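This report concerns a protein chain with a bound metal. Please consult the sequence and the structure while reading.

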Amino acid sequence: MSSQPATPARVEHQQTDKGYVPVYTTAVVEQPWDAYTAVDHNVWAQLFERQRKLLVGRASDEFLVAQDAMGMTPDAIPKFAELNNILEKATGWTLVGVEGLLPELTFFEHLANRRFPVTWWIRKPEQLDYLAEPDLFHDLFGHVPLLMNPVFADYMAAYGRGGVKAHGIGPEALVNLTRLYWYTVEFGLIRQADGLRIYGSGIVSSKGESIHCLESDAPNRIGFDLERIMRTRYRIDTFQKTYFVIDSFEQLMQATQPDFAPIYARLAQAPSYPAGTVLETDRVFHRGSGEGWPDDADF
Ligand SMILES: [Fe+2]
């Protein structure tokens, strides 16, 4: 629809506990595919080619296979409608276009109904390496491929249902649940027969973190533990100090089956852990050197 504006419709900016963040219209929008410029398609192509090269041997096999199965290529920004033809048949998920970050409850309701909100606009050429908020490259390249994987697809829908529930319970429950999302969906590692691999979208869409998370001595790499993760603070402005490693998507699905309400109640009395802490009870794959860690507060 070429009548759509080629820039996102920011409603306003708002000061929140996460800083000064843009607020967008919460409506689902048609992907204005015809409005993408040659520069936009070129940004997609550059990022796609750079990350794919980097991710072979670093991203989980499931991620790479799923991305190929979706037919994503560097040639042009994919059309959501075309990806939906494939995705819906595979796992019942559909992509919906949005202007940017959504309010939590709206986001959870989409996930619970197997709709994944994808920001339709893409970053500018001078933002290839870093962007503070999700754009099309992060959402589409990073999040969408694994929705082709039946177990991960179920996990995401279960997370959405859990989010709706946690929203009803209160802000502390939401903090616990958000940490789970952060350390799995965004920054998760998985153990494959041939070593640790990446599946988190925040990592696969970042050149620097794709290398850092696996190859740097600085961060901890620790076995997945649901309650431990729910108590662990995280970084929003630097590479993570700790990555949590799952053995399989089945493990993730099973560990998150129980009702979280009693866990939230228990954790309400428990202190949170700084992002870089290693506990005696942790299954440690790598103890981070901590080199280069900022000492300001974790989120
Ligand atoms: Fe994300």
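The sections below treat the metal site, two helix packings and one loop residue.

**The metal site**

The model is predicted. In it, the iron ion has three protein donors: NE2 of His 138, NE2 of His 143 and OE of Glu 186, at 2.0 to 2.1 Å from the ion. Along the sequence these donor residues follow the spacing H-x4-H-x42-E. His 143 belongs to helix H5 (residues 136-143) and Glu 186 to helix H7 (residues 171-186), so this pair ties together parts that lie 43 residues apart in sequence. Is His 143 buried or exposed? His 143 has a relative accessible area of 5% and is buried. Glu 186 is likewise buried, with a relative accessible area of 11%.

**Helix packing**

Both H7 and H5, which carry donors of the iron ion, also pack against other helices, H7 against H6 and H5 against H1. The two packings are set out below.

| Helix pair | Axis separation | Crossing angle |
|---|---|---|
| H6 (residues 150-169) and H7 | within 8 Å | roughly 160 degrees |
| H1 (residues 38-55) and H5 | 11 Å | about 40 degrees |

The angle of roughly 160 degrees between H6 and H7 makes H6 roughly antiparallel to H7. H6 passes H7 in a left-handed crossing. On the H6 side, the contact is made by residues including Phe 152, Tyr 155, Met 156 and Tyr 159, and on the H7 side by residues including Leu 174, Leu 177, Leu 180 and Tyr 181. Of the residues in this contact, twelve are nonpolar, five are polar and none is charged.

H1 and H5 cross in a right-handed manner. H1 contributes Trp 44, Leu 47, Phe 48, Gln 51, Arg 52 and Leu 55 to their contact, while H5 contributes Leu 136, Phe 137, Leu 140 and Phe 141. This contact comprises eight nonpolar residues, one polar residue and one charged residue.

**A loop residue with positive phi**

Where does Arg 114 lie? Arg 114 is found in the loop between helix H4 (104-112) and strand E4 (115-119). Although Arg 114 is not a glycine, its phi is positive, at about 60 degrees. Most residues other than glycine have a negative phi. The relative accessibility of Arg 114 is 22%, and this residue therefore counts as partly exposed, since buried residues are those under 20%.

How values were computed: Residues numbered from 1 in each chain as written. Predicted model: local features only at pLDDT ≥ 70, side-chain atom pairs only at ≥ 80, totals over all residues. Heavy atoms only, no water. Donors = N, O, S within 2.8 Å, 3.2 Å for Na, K, Ca; no water. Helix = DSSP H or I, 4+ residues; strand = E, 2+ residues; numbered from the N terminus. Buried < 20%, exposed > 50% of the residue type's maximum accessible area, 1.4 Å probe, protein only. Axes fitted to C-alpha atoms, helices over the stretch in contact; angles between N-to-C directions. Parallel < 35°, antiparallel > 145°, perpendicular 65-115°, else oblique. Left-handed = near helix turned anticlockwise from the far one by under 90°. Contact = heavy atoms within 4.5 Å. Nonpolar A, V, L, I, M, F, W, Y, C, P; charged D, E, K, R; others polar.
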